[in-house]
Amino acid sequence: MSGQGGSAAPALVSLLLLLWHRAAAIEVPLDPKIQQDLKQPPTITKQSVKDYIVDPRDNIIIECEGKGNPVPAFSWRRNGKFFNIAKDPRVTMRKRSGTLEIGFRSGGRPEDYEGEYQCFATNDFGTALSNKILLRVSKAPLWPKEVLEPEVVTEGSSLVLPCNPPPGLPPPITFWMDSRKSQTSPRVSTGLNGDLYFSNVLVQDAQTDYSCNARFLFTHTIQQKNPITLRVQTSEQNTHTHARPHTRAKVAESTPTFLSPSGTESAKMVLRDEQLQLECIAAGLPTPTIKWFKKGGELPLRKVKFEKYNKVLRIVNVSEEDAGEYVCMAINHIGSIRHSIFVQVKAAPYWLDKPTDLVLAPDENGRLVCRANGNPKPNIQWLHNGLPIESTTDSPLTSCVLGDTILFRSVQIGSTAVYQCNASNEHGYLLANAFVSVLDMPPRMLGPKNQLIKVIKNKRTFLDCPFFGSPLPELFKNGQGSGLDGGQYRAYINGTLEIKRALAEDEGTYTCVASNILGKAENQVRLEVKDRTRIVGAPEHQTSIRGSTARFVCQVNSDPSLPITVTWTKDDKPIHLGWRLKKDGESLTIPNVNEGDEGLYTCTVASEIDQDSASARLTVLDRPDPPMDLDLSDPAARSVRLTWIPGNDHRSPITEFLVQFEEDRWEPGRWQDLASFPGELNSVILQLAPFVNYQFRVIAINSVGQSQPSRPSPRYKTSGAAPDAIPRGLRGWGSKKDNMEISWEPLLDLERNGPNLHYHVWWRRKDSGEPWSNVTTADSKHVVQSTDTYVPYEIKIQARNEFGSGPESNVITGYSGEDKPTEAPADLRVSRVDSTKANIHWKPVNLSSVQGEFKEYRLYYWRESSLVPGLSFSKEKKTKGFYSTVAEPSAILSDLVPFSKYKMFMVVANNRYEGPPSNTVEITTKEGVPDAPRFFKISLRSLDTISLEWDKPVEPNGILIGYQLKYHTGELGRPQLETFLPNVTDFAMRLSGRSTRYKFFLSALTQVGAGESIAEELPHFANEGECFLNSDLHFRNKRDQVDIATQGWFIGLMCAIALIILILLIVCFIKRSRGGKYPGKT
């Protein structure tokens, strides 16, 4: 039977755990109203640390804070016994708290209150416990009085100076001092126990003031041990031989030995999560170095730190995998030694599954779990309201303790309690409080009443309906009275209704109902479905030139019932709008852009329920920075290589480099363009002119413009050479009849190629076979004297300097000076004269008599008189040239004025002079048609009559016989014709209608016909009295308008009417007065 029971017990336990695992505890919401009404057992919220060391100079405060409903009462145990606070005048407890304050103003010793304290928080539903707090008072004892003998040691030997600090609480921190402040080194160091270790002693270690110091943290004091004197004996002092002065025997070297720890192996125990410190200090000469290893694995480098020149290995937050054998090895060139330290990692209890508070409804099941681990494995003990659970008989809960788990079945009202779990082993303990609260509460709605929720169309939507009750209420939702679960609706047990895709037809009021056996609660949510806020016109990427204006536009479409805000950010940071950056509705304007404006601009449009954003990048282009670091290389006679580093192109690629030069001989300080190169080059060969002292600069060019010039290059001077260029513009001409001036354009400064530039000029009479005459001059012309008149010469030129002669020019032809022509054109006559033209004829001169280059026959003519009586005109002479070399020349003279008398004569002309005049001829032009009238204007005489005025032509071109006026209405009206005598210059005309548009054409007449006409147009009238052409019309309209209020007849009529009204009023008043005097009958 026992065997069967033993095998059945584990199966029963597993079944019970499975069943209880499925029971879900109630989660109590943090809603203040629920928390205020909810009855809860006590909970410890704050307490002092387990190992509590206090400063004896201060009051002692032992913390214990808790909560519960009703507010718990607090009590204490000291050393396992009830601590009666009321009987000790030095001890007080804070109000609504369990915190103890122990004061010593009236006397007493803090040491008298050392011990183990535990706090109890109790209300109607149970008792919660604090940890057991071990209170100890900090101690800082003095060094014992002792007389320390000097330490005498041989040079090269090892030495340990003991510290032995007084035991303190907590232990003090030790350090050594001497007159040199004891600088630590690989040779001298302080051990973990406070001793001072010398791997080998040197002569300079001899001091009289080695002192160990202990620093106590709580009292902030440092205590110093009596100083120790160290004397070092050299090898000469140990031997009795006489060494030579100023010589020392060499100290014997030694293999390493360990000063700490001793032996070949040792053991170390450390607790999990604490700090492991392993120490190896070795003696030897020379000073050994320390290395560490771990057998069977590698050192955890992420956790290991080496200190004090590798003498200390420290591992923080030790875990089980840090256990094992650690080996330290001391090495010098004499030998080595090893020491093994076996590290064992133990563990105080730590939580795997800490018990948590449990809230259950009546008749529900539940469980508390308390799982902890440690090394050795901790023991689990359950307490009920601070007492061992096995000793309590007053718990109405039906429970079953299964090791680290307590199972509760069918709990009832009134069975609320606090349970404690204590997990302990030899290295420590853990204590946790967890209450089991049996709660019954009718349903309550926790959300706001009649909430309005706005959602976006076609979006997944959740309508929340938070509630609470115990037992857990059942929940359903409905809209318009119908249940909602299924289709596009899904109801969750936490009170949330999911609408998978919100549509316009989903708008309305939704009711949430929660019920349990104690009642029910309702709440309503009103849903509105809105159109999505979206950006329909996103801002576009822009590339702007520095100093221009950039504008981003963000076009938005949103639900009209939702107000929106448009905000702009740059690189995800807010934009500060102000005097420069402007936001206008949905656009952002950035005037005078600079490099600081470059970035990613984001437009965010937001309503109260959604938002949309779009981004665009602004790239700012600018002129490039000037090139840098100009360098000259590869020098040659007429070239040099120029290299530079391009500057920043400011996001617009450099397309061209312009190289400029300045020379200090001809035009110092003036920069001139030399050559342009493609933007991808930064090293070019420059073609140079001889005998120039150059310096260069480079300008970069991109699509925005030119950079500032670079800094000038070093100067580069080219050597001299004979001229390469031929003087340009060579010509020969006569300034007088007996000379010839030979002139040319001097070479440019950069064409000189050397000093002492001059010109060698040759000339000779053409086709004469004469030898060349020549001259050398530094000027730009030479005058040949005593020449014949207008004789051709051959001329050539050559430039020369100190380095040689340049190329000769081609031979050109020049002429000596001209003289006055000696002959006049003969037999000048006219034929076929009409109103504006005449044919002229003459006999030519002998070309040799021109005495120069024949230019033209020049006709002088002028208007002698007009046949129109009384007409004023100008007699100014006019000229017209005719080039002809035929035997019987003739020409047409045009642009004559009709009906006039003209006179004329002719001369022959060369480039400088005119010859004698020909015979004078007189002609009379025929009558022609007149010019247009001088002016033509239309004015309004009355509302239906207009007046037309004009003046005679400036040039009648004959005898005027009258004027003709043509006019028609509209575009297709029948034309009308009126004629007038020559002395008539105005005409009055009645209009057929004020809305009719007229067009007039006026011309003057001679016997030949009508001359040029002048046109005017009459617009229709929009309003009576409107003026439309000129100031005369405007004046007439004003004059025709009469102010009726100023007319005499109107004033008289108004006075008569006023007089009649006054008479009628007087008569009525008299009649009424008389009627009141008759007596009534009795």
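This is a walk through the structure, stop by stop, with selections to make along the way.

Before you start, note that this is a predicted model, in which local features need pLDDT of at least 70, side-chain atom pairs count only at pLDDT 80 or more, and totals for chains, interfaces and linings use all residues. Residues are numbered from 1 along each chain as its sequence is written, and side-chain values use heavy atoms, with hydrogens and water left out.

**Stop one: the cores.** Select Ile 62 and Trp 76. Among the 31 residues of the largest nonpolar core, these two touch the most other members. (A nonpolar core is a set of buried Ala, Val, Leu, Ile, Met, Phe, Trp, Tyr and Cys residues joined through side-chain atoms within 4.5 Å; buried means under 20% relative accessible area, exposed over 50%, partly exposed in between, with a 1.4 Å probe and protein chains only.) Elements giving two or more residues to this core include β2 (51-54), β5 (73-78) and β9 (115-123). Helices (H or I, at least four residues) and strands (E, at least two) are DSSP runs, numbered from the N terminus. Now show what surrounds Ile 62: leaving aside neighbours within four places in sequence, its contacts include Tyr 52, Trp 76, Leu 100, Tyr 117 and Leu 135. Contact here means heavy atoms within 4.5 Å. For a second, separate core, of 21 residues, pick Phe 854, Val 897, Met 904 and Val 921, which are among its members.

**Stop two: an open sheet.** Five strands run in the order β29-β37-β36-β32-β33, with mixed pairing. Two strands pair if DSSP finds at least two bridges between them. At the edges, β29 (358-360) and β33 (387-388) each pair on one side only. Zoom in on 417-425 and 428-438: these are β36 and β37, antiparallel over nine bridges. Cys 421 sits opposite Ala 432 in β37.

**Stop three: backbone oddities.** Most residues other than glycine have a negative phi, and most peptide bonds are trans. Go to Ser 260 and Pro 261, where the peptide bond is cis, with omega near -5°; Pro 261 is in the loop between β20 (254-260) and β21 (265-271). Another cis bond runs from Asn 375 to Pro 376, with omega near 5°. Then select Asn 753, which is not a glycine but has a positive phi of about 65°. Asn 753 is in the loop between β66 (739-745) and β67 (758-765), and is buried at 3% relative accessibility.

**Stop four: salt bridges.** The whole structure holds 46 of them, each a side-chain nitrogen of Lys or Arg within 4 Å of a carboxyl oxygen of Asp or Glu. Try Glu 914 and Arg 858, whose closest N and O atoms are 2.3 Å apart. Glu 914 lies in the loop between β78 (900-909) and β79 (921-924) and Arg 858 in strand β75 (residues 856-866), so this pair ties together parts 56 residues apart in sequence. Glu 914 is partly exposed at 31% relative accessibility, while Arg 858 is buried at 15%.

**Last stop: a helix.** Select Leu 1062 in helix α5 (residues 1048-1075). Leu 1062 is partly exposed, at 48% relative accessible area. Add Leu 1059, Ile 1063, Ile 1066, Val 1067, Phe 1069 and Ile 1070, and together with Leu 1062 you have a nonpolar surface patch of about 670 Å². (Patches are made of residues with over 30% relative accessible area and no salt bridge: like charges are joined within 9 Å, nonpolar side chains (Val, Leu, Ile, Met, Phe, Trp, Tyr) within 5 Å; accessible areas come from the Shrake-Rupley method with a 1.4 Å probe, and for residues only the protein chains shown count as cover.)
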